[in-house]
Structure formats: structure tokens, C-alpha cells
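User: Hi! I'd like a close look at one part of this model, with the cut-offs spelled out as you go.

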Amino acid sequence: MKVLVALCFVAAVAQAIDVDWNKISPIEVFPQDLAGPLTESLKDVKDLDPSRIVGGEEASPGQFPYQVGLFSTNAAGSTGFCGGSILNYEWILTAAHCVDVAVSVEVILGAQYIREDEPTQVVLQVAEIIVHENWDTRNIRNDLALLRLPAPIQFTERIQPIHLPSRSQVGQTFASETGIVSGWGRDSDSSSSISPVLRWTQNPILTNFVCTRYYFFSVTSAQICLSGRGGRSSCNGDSGGPLVVTDSDGEITQVGVVSFGIALGCAVGWPGVYVRVTDYLDWIETHAPSVAIRD
């Protein structure tokens, strides 16, 4: 049975969110059983890039029109921040750990400077949260969720949907292709809050054979990894955001959803682990029937 939360407040407003940024925490998770072994094996590792998404660069306005920011508030009133992507006029894709305990979620579309009141921004209250029914909080498996919006998105140059892989791409590893990840997550391990501006970085996608060795063979075929070479990586607050590649037809296609990375820091050069979108095309189509999956 699917895990579903219907929210009673569905009003949509096209204005910046009124929020105390000092009380917003980047959301993060890590497989519990790996914390001890990895801490010990990496105790002498240093950050590879102190400037450091981490180790990335500032996005140009409109470069990632499918990127959204999420404010996820739990029953205790604590609010965390995550990313997500626009699938179509009514559905947002994100990570389960971003919204699994949420009682309300606000989505910001069309943002560049997330803390500012920009005329391109649209803020929507989520009407429905669907968390994957097999979401495993201990081992970070099936870390995927869908958010239904209360009203159709009005697309603009700054607000556009992302392409999902086609069914013909199921089984494709995307290894060695250049993956691009974007978000407002922490831009350095020394930072305690999210970046005020949208950032991005790129690195090669790894084979799972290589990636799983970094995580004591715990990475599964339903996950995909991006190299952390050069200290370039997603970080806390980027969770739920999109990992994309450029398809052979030139389309920007989402192949991953930011899930977790090494607990000791984002700049240590360790691969980031993402949900492999091709493994969940049927699940997305079942729970978000208006999202068309290409053959």
C-alpha cells in the first residue's frame, strides 16, 4: 500500500516565502549501518577543495528551469530544505527523506536567489505527498517521493519541466557520461546553511561496480553514483534535486535524484549516491498518471 499524505491547505500564491532563514536546516540522511565503518576508514581524509553545490559554480539565471526548492515542515514545526524537479504541470519529483515526516511542503519555482523576492518566483503549497511504499529509512532504499500541486503550473522561461528517461533506456547505466547536479545546498563543509544562489557542478557518472566499493558494497542497481572527483559534489540541502545528462538527441534528461553522500563531508572526493530514475518509471507513471513516459 502506498504511503500517501493529503494536505488540507491547497492555496497557491505567486510571491516569495516569508521564512526565518536562521531556522531552516538542510535535510540530510545517511545509511545507519555504514556510519561507523566509513568514519573509521576516512578519519584522515581532508577536504579536497576548501572553496566549495560543493566545488561547483553559480548557475546563470534560467539555466535549470526544472529545478525547485522545497520547504518541508514536520509536526513539531521544524522546517528543512531540499530540492526537487518539475515533471509536468502538476507533479514534482523529490527524495522520500525530504518529505516523509512532513505535514506541509511549500515549493518554490523559478528561483535563482532563493532568499530573495524575485519576480520570476512562484510559491505553491503542496496538495498531496506520495512517498514510495518501500522507503527504507535505515538503508536509504527507494528514496523517492512525488508531490502533487494544487493548480497547474504556468510555464515560463524560468519554469519548465524536465525530461525523464524513455523506457528504451531502462537498463542503461549512463556510466562515463557527464552528470550535472544543481541545487541550493551547502556550498562548503564549513557552511551551516544553504546557498543563497542556485549552484551546479558536473562529474562523470560511475559504474556501480566502482561506486559500491566506496560504500562497503551497499549500493544497489536501483541507485546511480556521480564521481566526487576534485571535491565536486552535491551537499546537504541538495537532497531530492535532479542529476541530469544530455541525451543523444540533445535533450536534458533526469537520470538521478540526490539521495545521500559520505557523512564526513561533501568535499572529501567520495561519490554521491542518487536514486536511479530508470528503475522507477513504472512507479512514477502509476502514481502520477499525467506524467507521460516515452517508449
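Which residues line the second largest cavity?

Analyst: Happy to help! This is a predicted model, in which local features need pLDDT of at least 70 and side-chain atom pairs count only at pLDDT 80 or more, while totals for chains, interfaces and linings use all residues. Residues are numbered from 1 along each chain as its sequence is written, and side-chain values use heavy atoms, leaving out hydrogens and water.

The lining of the second largest cavity consists of I140, R141, N142, D143, A222, Q223, S259, Y274, V275 and Y280. Here a cavity is a set of points on a 1 Å grid over the protein atoms alone where a 1.4 Å probe fits but cannot get out, and lining residues have an atom within 4 Å of a point. The space inside is about 40 Å³, a volume filled by probe spheres set on the points, which are joined across faces, edges and corners. By class, the lining has 5 nonpolar, 3 polar and 2 charged residues; Tyr counts as nonpolar, and Asp and Arg as charged. This cavity lies between domain 1 (67-161 + 282-287) and domain 2 (162-278), because both give residues to its lining. Those bounds come from an automatic or database domain assignment.

One of the lining residues, D143, is also in contact with T94 (heavy atoms within 4.5 Å). T94 is found in strand β7 (residues 91-94), a strand being a DSSP run of E with at least two residues, numbered from the N terminus. T94 counts as buried because its relative accessibility is 0%, where buried means under 20% relative accessible area with a 1.4 Å probe, protein chains only.

Definitions and conventions. Helices (H or I, at least four residues) and strands (E, at least two) are DSSP runs, numbered from the N terminus. Buried means under 20% relative accessible area, exposed over 50%, partly exposed in between (1.4 Å probe, protein chains only). On a 1 Å grid over the protein atoms alone, a cavity is a set of points where a 1.4 Å probe fits but cannot get out, and a pocket is an open set with protein on both sides within 12 Å along at least five of seven lines; lining residues have an atom within 4 Å of a point. Lists of a residue's contacts leave out its neighbours within four places in sequence.
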